[in-house]
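Student: Please take a close look at one part of this model, the helix packing, and then at the aromatic pairs. I would like the geometry set out together with the residues behind it.

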Amino acid sequence: LRSALSGSRWTQYVVAAALGATPGCLGAFVVVALFIHRSVRLGAVVACMVATSGDEAFVMLAMFPRTALLLTLVLALIGILAGVLTDSFNISPSRDRECTGMVVHDGAASCRCFDMPTILVELRRPSAARGALGVGTLLFVLGVVSGTVGPAEWNWIRTTYLGVGLFSMFVVGTVPEHFIEEHLWRHIVVRHAPRIFLWTLASMTLIAGLDASINAEAFLRHNPWLAHVGAAGLGLVPESGPHLLVVTLYAAGNVPLSALIASSIVQDGHGMLPLIAHSWRDFITVKAINLVTGILVGGALMMAGR
């Protein structure tokens with residue numbers, strides 16, 4: 001990636017936005033790591049962070065997949081434009097803690113994919129993590145096939161669920177033990193899945209409580225600009241979870257699309273956490289650019305009736 005991105009600026013913007021558009025935080029982590037090592041410009045980081053929705057992308061794909069896919073494309077395009085404008089103003093990143101080395105997996109942690117002898121041995125005597133993930137993905141696939149999980153009729157959503165489930169079973173059955181233990185089990189299942197579940201539960205509970213006490217739907221409908229600014233401000237939190245409040249409000253029809261886009265532009269899941277450790281100045285700069293972009297784009301959509 002460092003070699004591929006060392007060329008034109010446009011390549012950096014497009015690749016960074018594409019990495020940010022992938023669900024989860026991995027793409028954002030990659031771009032931040034490259035920026036810390038000065039392999040990409042500050043505009044590439046802005047493009048990535050505008051395009052990314054972090055872990056919330058998985059929830060949006062589950063709750064309103066068609067809108068989520070369109071939103072991802074729009075965010076990527078806005079991110080590329082924001083990245084170009086950022087670098088055109090010649091905003092200089094912090095130089096006090098520039099990294100010169102890059103640590104990568106090697107040796108025992110290397111990924112030897114599709115090594116058939118190893119796969120057969122590990123499938124005969126699977127680890128606890130591989131066994132749990134294998135059973136979980138198998139139950140998910142059976143649930144989709146039987147109609148217990150997903151839509152009752154066979155449509156593109158149910159077909160997508162089945163494809164994702166089968167691909168997940170393939171991954172769980174073929175990747176090395178290191179990938180299972182470190183990346184799938186400890187990182188996704190142990191670290192991210194509980195947080196997504198708890199934030200989703202908290203958001204839905206809060207919305208239900210507010211709606212029962214102050215009629216949140218009517219309040220937000222009569223105060224659209226407050227909802228818009230609040231959604232954008234919530235995106236400043238460098239954490240996957242708070243944005244789920246806006247996602248669930250939008251899914252329930254209580255906030256307009258403009259509020260969801262404003263929040264999605266500003267928020268970046270966990271993607272910016274490594275940048276905080278590297279440089280507070282760069283973190284604040286990127287967040288400020290994204291906040292202005294989110295308010296302007298969301299405000300324009302709201303004025304257009306969206």
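Tutor: What follows goes through two helix pairs and then two aromatic pairs.

The model is predicted. Two packed helices are described by the angle between their axes and the distance between the axes.

Take helix α13 (residues 257–266) and helix α15 (residues 280–303). Their axes lie 8 Å apart, and the packing angle is about 165°. An angle over 145 degrees counts as roughly antiparallel, and α13 and α15 are therefore roughly antiparallel to each other. The crossing of these two helices is right-handed. On the α13 side, the contact is made by S258, I261, A262, I265 and V266. Helix α15 contributes K287, N290, L291, T293, G294, V297, G298, L301 and M302. Sorted by class, the contact of α13 with α15 has 8 nonpolar, 5 polar and 1 charged residues.

The other pair is helix α4 (residues 56–63) with helix α12 (residues 243–251). Here the angle is about 10° and the axes are 10 Å apart. Because angles under 35 degrees count as roughly parallel, α4 is roughly parallel to α12. From α4, the residues in contact are E56, V59, M60 and M63; from α12, they are H243, L244, V247, T248 and A251. The contact of α4 with α12 divides into 6 nonpolar, 2 polar and 1 charged residues.

Now the rings. A pair of aromatic rings is described by the distance of the centres and the angle of the planes. With ring centres required to lie within 6.5 Å, the count comes to 5 aromatic pairs. One of them is W10 with Y13, an edge-to-face pair with 6.0 Å centre to centre and 85° between the planes. W10 and Y13 are 3 residues apart in helix α1 (residues 9–21), so about one helical turn separates them. W10 has a relative accessible area of 54% and is therefore exposed. Y13, at 2%, is buried.

Another pair, W280 with F283, brings us back to helix α15. W280 and F283 are also edge-to-face, at 5.6 Å centre to centre and 85° between the planes. Because W280 and F283 are 3 residues apart in α15, they are separated by about one helical turn. W280 counts as exposed, with 54% relative accessibility, whereas F283 counts as buried at 7%.

Note on methods. Residues are numbered from 1 along each chain as its sequence is written. This is a predicted model: local features need pLDDT of at least 70, side-chain atom pairs count only at pLDDT 80 or more; totals for chains, interfaces and linings use all residues. Side-chain values use heavy atoms; hydrogens and water are left out. Axes are lines fitted to C-alpha atoms, for helices over the stretch in contact, and angles run from 0 to 180 degrees between N-to-C directions. Helices (H or I, at least four residues) and strands (E, at least two) are DSSP runs, numbered from the N terminus. Angles under 35 degrees count as roughly parallel, over 145 as roughly antiparallel, 65 to 115 as roughly perpendicular and the rest as oblique. Contact means heavy atoms within 4.5 Å. Ala, Val, Leu, Ile, Met, Phe, Trp, Tyr, Cys and Pro count as nonpolar, Asp, Glu, Lys and Arg as charged, and the others, Gly among them, as polar. A crossing is left-handed if the near helix is turned anticlockwise from the far one by less than a right angle, and right-handed if clockwise. Rings of Phe, Tyr and Trp (its six-membered ring) pair if their centres lie within 6.5 Å; planes under 30 degrees apart count as stacked, over 60 as edge-to-face and the rest as tilted. Buried means under 20% relative accessible area, exposed over 50%, partly exposed in between (1.4 Å probe, protein chains only).
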